[in-house]
Amino acid sequence: MHVERVKQLEHRWSTEQLMTGVELPEWLEILKANDFQVSREYLHRLAWITGWGIPSTVLGRLEDAIYARKLAQMRVDPTPIFLLGHWRTGTTHLHNLFGRDPNHTVPTYYQVIFPTSFLLTGDIVPRIASGALAETRSYDNVKQGWHEAAEDEIALAKLTGLSLYLSFMFPDESARYEKYIDFLEATPDERELWKSELVTFIKRIMLATNGKRVVVKSCPHTARIRLLLELFPDARFIHIHRNPYEVFSSTLHMRSKTDWENFFQRPQQEFISQRWEHTAAIGRRIYERVIEDRHLIPPENFVEIAYEDFVGNELNMLGDMYTKLRLPDWDRYAATIRPYLDSLRGYKRNKLDISEDLREFVYDRWRLVFDTYGYSKEYPA
């Protein structure tokens, strides 16, 4: 059967592969699961990640020998704060805000890139490689840096091989990884592995920061409320939603960069041409889960906000959230966060292309979101 693949590659030489830092045994398992099907055009990416896997494995084994017993004896107390929301809904903004509370910490870029060795190397490598990261992300103007907040999903993909994000590396097998959006179709062993690695990763971050509460943000967690409550029944949850037209358009823009930065297989033309449908299906699965499962969270531990209400009114709404979620030291945090909010006043968001065709498509595929959160079919409302 003839498969038509794209002729023109984009961002071929990008080094921003999300699997950089994975240890070799886990990396070989991922490659084996995909029958080692790597397009020759991307062999340099294979070499890059495999090369970084050597020091990651050596240092990871050393770190494990030093800290394994201590990590096993630790308790996750206080429990994490989970920030939920589809991509491009403002979760990164929330993450940056909550992470600036002196009582809190967040997974950093360095920690998610090297999730098994940052306890040993976290004070050294970021100083040596201070200029290695681009100043902003490739798809928006958000600041990047070794110590900036990052998604723990990147670390979990390396630690478990069970992540939707691997579908963007191996598009020929993308359907295989979509069950890890919510883990409802995963095996019991896969669920237990994922839960164990998440807990250990959070413990590592707490150990690195003298026990601070970890603020966790990964968009796929939005579909994993049941799983997260099994681990942390008393965790706090904040869900942020945004106009679906803007979310969809912005997610397409993001994927037009991040997909190409991570491909290990020259994608089929159909994978690119069906990006609207693929993005809509992933989003629908996430929204169905959060809308169905949010009632499982104790009401006193759950806040749901709209991006449109939050941006420009952060300080007041943060105060309300701290009160409801019983988070301590609001006055100290408020004094810390005001200068940061002032520094964002010049931030420019991407201009979104929201055509009539896109509006009709999104309203048809994500009608549940419009109905649940009261967004207007018209745009602008």
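This briefing describes a long helix, a buried loop residue, a sheet and several ring contacts in one protein chain. The structure is a predicted model. An open sheet of five strands is present, and a search of the whole structure finds 28 aromatic pairs.

**Helix 2**

- Helix 2 covers residues 43-73, and because each of its 31 residues is taken at 1.5 Å, a span of 45 Å is expected, which agrees with the 42 Å between its end C-alpha atoms.
- At Tyr 67, helix 2 bends by about 55°.
- The buried residues of helix 2 are Arg 45, Ile 49, Gly 53, Ser 56, Thr 57, Gly 60, Glu 63 and Leu 71, and these pack against helix 1 (24-33), helix 5 (118-121), helix 9 (188-208) and helix 11 (244-262).

**A buried residue before helix 2**

- Glu 41 lies in the loop between helix 1 and helix 2, and because its relative accessible area is 11%, under the 20% limit, Glu 41 counts as buried.
- Leaving aside residues up to four places away in sequence, Glu 41 touches Leu 9, Arg 12 and Arg 266.

**The sheet**

- The five strands of the open sheet follow the order 2-3-1-4-5, and their pairing is parallel.
- Strand 2 (104-105) and strand 5 (302-306) are the edge strands, each of which pairs on one side only.
- Strand 1 (residues 81-84) and strand 4 (residues 236-241) pair in the parallel sense over four bridges, and the bridge partner of Leu 84 in strand 4 is His 239.

**Aromatic pairs**

- Among the 28 aromatic pairs found in the whole structure is that of Trp 27 and Phe 264, whose ring centres are 5.6 Å apart and whose planes stand at 80°, so the pair is edge-to-face.
- This pair links distant parts of the chain, since Trp 27 is in helix 1 and Phe 264 is in the loop between helix 11 and helix 12 (269-273), 237 residues apart.
- Trp 27 is buried, with a relative accessible area of 1%, and Phe 264 also counts as buried, at 0% relative accessibility.
- Phe 82 and Phe 237 form a stacked pair, with 5.4 Å from centre to centre and 25° between the planes; Phe 82 belongs to strand 1 and Phe 237 to strand 4, 155 residues apart.
- Phe 82 counts as buried at 0% relative accessibility, and Phe 237 is buried with a relative accessible area of 0%.
- Ring pairs also join Trp 48, Trp 52, Tyr 110, Phe 114 and Trp 146 into a cluster.

**Charges over rings**

- The charged end of Arg 100 sits over the ring of Tyr 340, 3.8 Å from its centre.
- The charged end of Arg 242 sits over the ring of Tyr 307, 4.2 Å from its centre.

Conventions
Residues numbered from 1 in each chain as written. Predicted model: local features only at pLDDT ≥ 70, side-chain atom pairs only at ≥ 80, totals over all residues. Heavy atoms only, no water. Helix = DSSP H or I, 4+ residues; strand = E, 2+ residues; numbered from the N terminus. Expected span 1.5 Å × (residues − 1). Bend = angle between axes of the 7 residues up to and from the residue. Buried < 20%, exposed > 50% of the residue type's maximum accessible area, 1.4 Å probe, protein only. Contact = heavy atoms within 4.5 Å. Pairing = 2+ DSSP bridges. Phe/Tyr/Trp six-rings, centres within 6.5 Å; stacked < 30°, edge-to-face > 60°. Lys NZ or Arg CZ within 6 Å of the ring centre and 35° of its normal.
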